Amino acid sequence: MLAERTSPRPAGDVLVHLTRDSGVALHRQIEKSIRDGIRAGRLPRGTSLPPTRGLADELGVSRGVVVEAYQQLIAEGYLTSRPGGYTRVAIGPEPAGGPPPALPAGRARIDFCPCRADGSQFPRAAWLRSLRRVLTEASDEAFGYVSGRGAPVLHQALAAYLDRVRGTSARPEQIVICNGYAQGIGLLIQTLARSGARRLALEDPSADDDALPLARAARMEVVGVPVDDDGIRVDLLARTDADALVLTPSHQWPTGAVLSAERRAAVLRWARERRALVIEDDYDAEYRYDRAPIGAMQGLAPDLVAYAGTASKTLAPGLRLGWLVLPPPLVDAVAAAKNLADRGSPVVDQLAFADFLGRGEFDRHLRRMRPLYRRRRDALLAALREHAPELEPAGIAAGLHLVAQLPAGVDEAAVVEAAARRGVAVYGLAPYRIACAGRPGLIFGYATLDERALTEGIEILAEAISDVRSR
Ligand SMILES: Cc1ncc(COP(=O)(O)O)c(C=O)c1O
């Protein structure tokens with residue numbers, strides 16, 4: 001009766017007893033049987049439960065009854081499930097014999113997730129002041145539809161901020177507000193594909209969840225161009241006949257390389273010669289630790305570069321606030337695509353952000369965050385030096401994550417899994433590679449972890465690595 005996929009099946013176990021005339025609801029009886037089984041150790045941690053449909057058929061009840069029972073036990077923390085995956089026992093002693101099951105990523109005790117800013121540092125009071133001002137002072141008309149480009153007051157505030165801090169050459173009329181980088185890159189790819197672009201070059205490795213699937217969905221061919229310590233290999237880029245290139249020059253995702261000055265110039269020469277578009281993803285440029293942030297490439301060639309910025313790393317990803325600074329010929333088409341997608345981003349947040357920028361709150365927030373993230377980065381580097389000296393950190397100059405290369409011969413996926421079993425989530429480079437193989441390595445986000453957690457996480461990782469090596 002009990003589907004067992006990862007750990008030994010408890011001998012002679014019956015998962016659920018149902019008594020139809022007991023007056024106790026069926027889903028409650030199912031819950032109780034499973035809860036009791038877990039408490040008594042008959043269902044050890046990691047045990048897969050049967051699919052809801054299978055168990056419902058077996059018990060002669062509707063599937064909804066089983067779903068309700070599983071959901072209750074998930075809410076209570078007895079079970080865990082991931083979309084499309086099995087429902088498993090989440091607590092209790094590890095099964096004897098085999099290795100402990102991997103914790104689902106969401107359950108890791110120490111998570112080196114590279115994709116998050118520290119949500120506990122969101123400037124709530126200052127944001128609230130901006131919101132309050134907007135809600136008390138903005139005209140009634142301000143709450144109506146905006147154009148696909150967004151709220152003019154935010155265009156003004158962003159152009160001033162980006163020119164001053166990021167070295168762009170942005171006029172307010174070149175700016176389109178969008179729901180994060182994810183939507184911005186989608187609008188750009190859609191616009192490029194409509195205008196006949198066929199081939200999109202991406203850094204290899206690069207993000208696997210935005211430009212790559214979006215370009216494939218738009219039936220564009222994706223060409224991966226290898227990245228080394230100085231960023232994208234422009235000599236290899238020149239061999240592609242791509243119509244556009246997506247680039248993370250200030251802190252390459254995921255390797256952390258900063259694009260060298262020579263290569264910036266070479267990329268722009270390539271784009272000018274080919275009449276190609278460079279899409280500059282400036283996602284965590286505000287955090288540079290060894291010197292002042294390097295200016296955006298857009299400032300060097302506003303006619304060739306579409307600049308994409310986001311509040312996800314500086315404020316919070318849940319705001320879904322992003323912006324594009326576009327070469328003038330692209331503005332109308334991208335704004336039309338945005339208008340078609342959703343008639344413009346939510347206006348109250350745009351007005352609040354304009355106020356927040358205009359009053360210097362964004363600068364103040366970044367001035368506060370930089371030393372905090374720098375301390376976390378330094379704690380991570382110190383922990384790596386002390387507990388895992390064979391890992392070579394790279395990409396440490398900027399951003400909210402770094403990469404550490406694994407010693408030759410150590411299997412990346414095995415280390416990720418061994419660490420996950422110990423409650424530590426680290427992320428391998430392999431899922432981000434398009435075509436080119438490279439040395440195995442791990443990505444460590446440090447923005448959300450305090451110094452103790454960073455150190456403990458690396459100590460545990462070191463054990464995981466030695467476990468993998470001794471196999
Ligand atoms: C390479 C890269 N660019 C941009 C972003 C930000 O995306 P969004 O603005 O949609 O949250 C991320 C998020 O983690 C990222 O990894």
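This report covers confidence, a pocket, cavities, cysteines and one buried leucine in a predicted model.

## Confidence in the model

The structure is a prediction, so confidence comes first. The protein has a mean pLDDT of 91. A pLDDT of 70 or more is reached by 93% of its residues.

Two stretches need care. Residues 1-13 have a pLDDT below 50. In the model, this stretch still has 39 contacts beyond near neighbours in sequence. Residues 97-105 also have a pLDDT below 50. For this second stretch, the model shows 16 contacts beyond near neighbours in sequence.

## The second largest pocket

Look next at the second largest pocket. Its space comes to about 570 Å³. The lining is made of 25 residues. Nearest the centre of this pocket lie Tyr181, Ala207, Asp209, Asp210 and Asp281.

Which helix and which strand each supply at least two residues of this lining? They are helix H6, residues 180-194, and strand S5, residues 199-204. H6 gives the most, with three residues.

The chemistry of the lining is mixed. Twelve of the lining residues are nonpolar, six are polar and seven are charged.

## Two cavities

Now turn to the enclosed spaces. The model has two cavities of 30 Å³ or more.

The largest cavity holds about 50 Å³ of space. Around it stand Ser250, Asp284, Ala285, Tyr287, Arg288, Pro293, Ile294 and Ala398. By class, five of these lining residues are nonpolar, one is polar and two are charged.

The second largest cavity has a volume of about 30 Å³. Its lining consists of Leu162, Asp282, Glu286, Tyr307, Gly309, Thr310 and Trp323. Strand S10, residues 305-310, provides the largest share of that lining, with three residues. The classes here are three nonpolar, two polar and two charged.

## Cysteines without a bond

How many disulfides does the structure hold? The count is zero. A disulfide is a covalent bond between the sulfur atoms of two cysteines.

Why is Cys113 not bonded to Cys115? The closest cysteine sulfur to that of Cys113 is in Cys115, 4.3 Å away. The cut-off for a disulfide is 2.5 Å. The gap is therefore too far for a bond. Seen from the other side, Cys115 is in no disulfide, and its nearest cysteine sulfur is that of Cys113.

Are these cysteines buried or exposed? Cys113 has 10% relative accessibility, so this residue counts as buried. The cut-off for buried is under 20%. Cys115 has 42% relative accessibility, so this residue counts as partly exposed. That class runs between the buried limit and the exposed limit of over 50%.

## Leu49, a buried loop residue

Where does Leu49 sit? Its place is in the loop between helix H1, residues 26-39, and helix H2, residues 52-59. Leu49 has 1% relative accessibility, so this loop residue counts as buried.

Compare its position with that of Asp450. The two residues are 401 residues apart along the chain. Between their C-alpha atoms the separation is 36 Å.

Notes:
Residues are numbered from 1 along each chain as its sequence is written. This is a predicted model: local features need pLDDT of at least 70, side-chain atom pairs count only at pLDDT 80 or more; totals for chains, interfaces and linings use all residues. Side-chain values use heavy atoms; hydrogens and water are left out. pLDDT is the predictor's confidence in each residue, from 0 to 100. Contact means heavy atoms within 4.5 Å. On a 1 Å grid over the protein atoms alone, a cavity is a set of points where a 1.4 Å probe fits but cannot get out, and a pocket is an open set with protein on both sides within 12 Å along at least five of seven lines; lining residues have an atom within 4 Å of a point. Grid points are joined across faces, edges and corners, and a volume is the space filled by probe spheres set on the points. Helices (H or I, at least four residues) and strands (E, at least two) are DSSP runs, numbered from the N terminus. Ala, Val, Leu, Ile, Met, Phe, Trp, Tyr, Cys and Pro count as nonpolar, Asp, Glu, Lys and Arg as charged, and the others, Gly among them, as polar. Buried means under 20% relative accessible area, exposed over 50%, partly exposed in between (1.4 Å probe, protein chains only).
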